[in-house]
Each structure stands twice: as C-alpha cells, then as structure tokens.
Amino acid sequence: LNVRQAGALIMTLYDMNGRMVDQQTVPVSGGVNTLQYRPKADLLAGMYILSLKMKDESTAINVKVIKQP
C-alpha cells in the first residue's frame with residue numbers, strides 16, 4: 001500500500017450483509033508499505049470486504065476477501 005504520509009491505517013472487515021466483524025489499526029510509514037491482515041481466530045469461512053482507510057482521510061480502498069475453512 002502506498003500512502004502519502006505516515007499515520008494510522010484502519011483495516012475494517014465487513015461481512016456481505018455490511019456488518020463489521022473485525023477492526024484493526026496499524027501504523028504505516030509514508031511511501032510503500034506491506035500489510036498483513038490476520039483475522040480473529042473465530043472468523044467463519046465465507047466472503048468478506050476488507051476496507052483500508054487512513055485515520056484522517058475519507059477515501060477507502062475495498063478488497064474482497066474469501067476465508068476458506
């Protein structure tokens with residue numbers, strides 16, 4: 001992920017009904033960052049949307065995620 005400046009990145013996981021099932025905040029540095037999302041151990045198999053958003057910005061990147069059994 002390439003960000004303009006250092007800050008806090010909020011990673012929010014939603015189920016396909018739009019309910020938030022997990023949220024994590026991680027520090028990122030300005031420039032290119034490598035991220036690894038580790039879901040909660042009790043996350044059920046299925047399809048989810050992972051939203052990546054800098055704490056003080058309104059634009060988000062949404063990625064479809066499939067959790068396999």
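Two strands pair if DSSP finds at least two bridges between them, and strands here are DSSP runs of at least two residues, numbered from the N terminus. The model shown in every view is predicted.

**Figure 1. The protein chain as a whole.** The secondary structure of the protein chain consists of 6 strands and 0 helices, so that the order of elements from the N terminus reads β-β-β-β-β-β. Along its principal axes, the C-alpha trace extends over about 35 × 20 × 15 Å. The protein chain has 69 residues, of which 25% count as buried. Among contacts with a separation of 6 or more, 45% link residues that lie 24 or more positions apart. The accessible surface amounts to about 5000 Å², and carbon and sulfur atoms contribute 52% of that area.

**Figure 2. The hairpin of S5 and S6.** Strands S5 and S6 form a hairpin, with 5 residues between them. The two strands run antiparallel and are joined by 8 bridges. One residue to locate in this view is Leu52, whose bridge partner in S6 is Ile61. In sequence, S5 covers residues 46-54, while S6 covers residues 60-67.

**Figure 3. The largest nonpolar core.** This core is built from 11 residues: Val3, Leu9, Met11, Leu13, Val28, Tyr37, Leu43, Tyr48, Leu50, Leu52 and Met54. Strand S2 (7-15) and strand S5 (46-54) are the elements that give two or more residues to the core. The most comes from S5, which supplies 4 residues.

**Figure 4. The surroundings of Leu50.** Leu50 is a member of the largest nonpolar core. Leaving aside residues up to four places away in sequence, Leu50 touches Met11, Thr12, Leu13, Tyr37, Ile61, Asn62, Val63 and Val65. Of these neighbours, Met11, Leu13 and Tyr37 are also listed in the core. Ile61, another neighbour of Leu50, is the bridge partner of Leu52 in S6.

**Figure 5. A nonpolar patch on the surface.** Met16, Met47 and Ile66 make a nonpolar surface patch of about 300 Å². Ile66 is placed in strand S6. Why does Ile66 count as exposed? The relative accessible area of Ile66 is 57%, and a residue is exposed when this value is over 50%; Ile66 therefore falls in the exposed class.

Terms used
Residues numbered from 1 in each chain as written. Predicted model: local features only at pLDDT ≥ 70, side-chain atom pairs only at ≥ 80, totals over all residues. Heavy atoms only, no water. Core = buried A, V, L, I, M, F, W, Y, C linked by side-chain atoms within 4.5 Å. Buried < 20%, exposed > 50% of the residue type's maximum accessible area, 1.4 Å probe, protein only. Contact = heavy atoms within 4.5 Å. Patch = residues over 30% accessible without salt bridge, like charges linked within 9 Å, V, L, I, M, F, W, Y side chains within 5 Å. Areas by Shrake-Rupley, 256 points an atom, 1.4 Å probe, with all protein chains shown as cover. Salt bridge = Lys/Arg side-chain N within 4 Å of Asp/Glu carboxyl O.
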